[in-house]
Every structure is written in structure tokens, then in C-alpha cells.
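Hi everyone, thanks for coming. Please have a look at the sequence and the structure on the screen while I talk.

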Amino acid sequence: MSTDVGNVLFFVGVGFVGVSGNIFNLIFSVQQQVKTRSIQTVGLILDVISISNIILVLSTLAMVVSVFLNAHIWCIKPYPLGLRFEMYLMMTCGFISFWAIAWLSLFYCIKVVNFSSESFRTLKKNISTVINTAVTVSCLFSFVLFLPAFSLDLPDSADKNISETNSTTCPQPTFTLQIDINAYAAVVLFLICPIPLMIMLPTSIRMVVHLCAHTLALQKNQTQVQGSDSYLLVCKLTISLVGVYLSTLFMVALYFIVKVLGAFITYQALVSAFTFYCGMTSVLLTASNRYLKDTLWSLFCCRKAKEPASKSQTVVTQDV
């Protein structure tokens, strides 16, 4: 009984941590967009990350609760539709959120860093349109990419094997569609880790190099440029998001490695990984957004939130 109560408290706790911050960001970000009657690129990405994170935590939590209520759910043939839908939402929203962070890093890099190449200058002028399109295409692509999840099921020989051996270990699921599961898994893993990382790391490093050169120039000339603090905040945000992304991938990979090796590990580890990711990204995005940060303080300190006053004050909340 005490174990059941502990599990319930754990589920409620991680659900609150993973969802509350993203709901706050989504509500007040949309509120600001309604007031200004415009949706800028950073606002669009913030909305996409918040929505995908909320669904990611809830779908992962729902899947774990399904397993908790029925420990043999993975041995049921065919898989329940609800279980397939939860896996689809979990993979889709995780993919969208990861790629949204990659596009945010690229957007800030192009906006902040000065390039001598004419092609980059042209890209800089149209970066908002390019990133808005990229975010939209990423969302649509993810919806299609993970559709095979609805065809996941036990192999045809599973019923006979389970009934003969009475084993509690369920067979490896496969696709009922004609899909090479190994090739499909390799493509998905490649799109989730190496490619977004190849966007995040170079752009973050390039911004750090630019900021260091900018700071040295200020010290040499003994001048001050308004907004340099905002550029520093942008660098801190992108680097921190990359760190959270890598930490989450490590925890999820460790979970599946332990599973493949046959050692015991609870689904709570998987929930904790995604909760950590969603909670930390919401905190970082709130801390880097002046309007959201002031709104949060106003809720706790009864202080009225300030509207963005100038571009130099809102490099992180608006398009630079």
C-alpha cells in the first residue's frame, strides 16, 4: 500500500514539475502575442516548445500509468490503441521540442553574429521567415515520421510462445507494416541526436566566440554598448539548452541500454528524464524572457509586469 501511495505521489509530482512551467510560459506568451497582435519567431518557438513539452510529459506519464495498472500490457496482442497513441505522442513531441531548440539556436546565431559573406547577410534579413518555415515543416514532418508507431504490435508467434512458457517477459515488438525496424530506428535516432546537435553546438560556440571578441573590443575601447548583457543572456540560454538536451539524451539512452541488457529499471527513470528536460527548458525560457520573468514576479510579489520597453531590453524575448 505504501508503495502504491509513493508511486501516485511520484506521478503527481513529476507531472506538476514538467507541466506547470510550460503552461505558464504558454499562457502568458500567447497573452503577450494577443496584446501586440503579432507572433514573432522567438514567440512561435516558445509556444511550440511549451505545447510539445506539456504533451510529452503527459503522454509519457499516461504510458507509465498504463504499465503500472497492467504490468503485462506489453504482452497483449494487439497492443491497445491508447498505448500506441501514447507512444506516438511521446516520440512526436520529443522530436518537435528537440528541433525547436535547434532552430532557436540557429536563429539567435544568425541574428547576433556579424557575417562578412553576402549569402549570410541575405539570410540574416530573412531569418525570421526561414526559421518560421523550418519550425512548421519540422512539426509536420514529425507527425508523419512517427505514424508507423500505430502499427507496432507483437509478432505473430508471440501468442503461442507466451502461452507455452507462461513467461512474464514479452517479445520484442515489431511493425505490422512492411518496414525494416532496424533501418527505421537508425533514421529516427539520427534525426533526434546527431543532426540537431550539429546545429546546436556550432551555433552556440560561434556565439560564444563572437561575445568574447565583442567583450574584448569593449574593454580595449573602454566603451559600453547597450544590449551587450542581452547578448550574454542569449549565449547562456543556448548553451544551457544544449546542456539540458544532451543530459536528457544521456538519461534516456542509459534507460534503454539497461533495458536491452536485461537488468531491472523502472519506468520512473524514463519519466524523470523527460520531466527534467521539460522542467529545465521551461525555467530557462522563463528566465531569459523579460516579460515572462516580470509576470512571474508579479504573481508572487504583487508587482505589475512591465511591458517590453525597447529592443535593447528585449533581445531575448523578441526578434533581435
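I'll start with the whole protein, then go to one helix, and finish on the surface. Keep in mind that this is a predicted model.

So, what is the protein built from? There are 11 helices and 2 strands. If you walk along from the N terminus, the elements go α-α-α-α-α-β-α-β-α-α-α-α-α. The protein has 320 residues, and 45% of them count as buried. Now think about contacts between residues at least 6 apart in sequence: 75% of those join residues at least 24 apart.

Next, please find helix α2, which covers residues 41-69. How far does α2 reach from its first C-alpha to its last? The answer is 42 Å for 29 residues, close to the 42 Å expected at 1.5 Å a residue. Is α2 mostly covered or mostly open? It is mostly covered, with 21 of its 29 residues buried.

Now let's move to the outside. The accessible surface of the protein is about 16,800 Å², and 68% of that belongs to carbon and sulfur atoms. One spot to look for is a nonpolar surface patch of about 440 Å², made by F250, M251, L254, F276 and M280. Two elements, α9 (228-261) and α10 (268-288), give two or more residues to this patch. Which one gives the most? That's α9, with 3 residues.

Let's end on one member of the patch, M280, which sits in helix α10. Its relative accessible area is 31%, so M280 is partly exposed. To be in a patch, a residue needs over 30%.

Thanks for listening!

Terms used. Residues are numbered from 1 along each chain as its sequence is written. This is a predicted model: local features need pLDDT of at least 70, side-chain atom pairs count only at pLDDT 80 or more; totals for chains, interfaces and linings use all residues. Side-chain values use heavy atoms; hydrogens and water are left out. Helices (H or I, at least four residues) and strands (E, at least two) are DSSP runs, numbered from the N terminus. The expected span of a helix is 1.5 Å times one less than its number of residues. Buried means under 20% relative accessible area, exposed over 50%, partly exposed in between (1.4 Å probe, protein chains only). Patches are made of residues with over 30% relative accessible area and no salt bridge: like charges are joined within 9 Å, nonpolar side chains (Val, Leu, Ile, Met, Phe, Trp, Tyr) within 5 Å. Accessible areas come from the Shrake-Rupley method with a 1.4 Å probe; for residues, only the protein chains shown count as cover. A salt bridge is a side-chain nitrogen of Lys or Arg within 4 Å of a carboxyl oxygen of Asp or Glu. Contact means heavy atoms within 4.5 Å.
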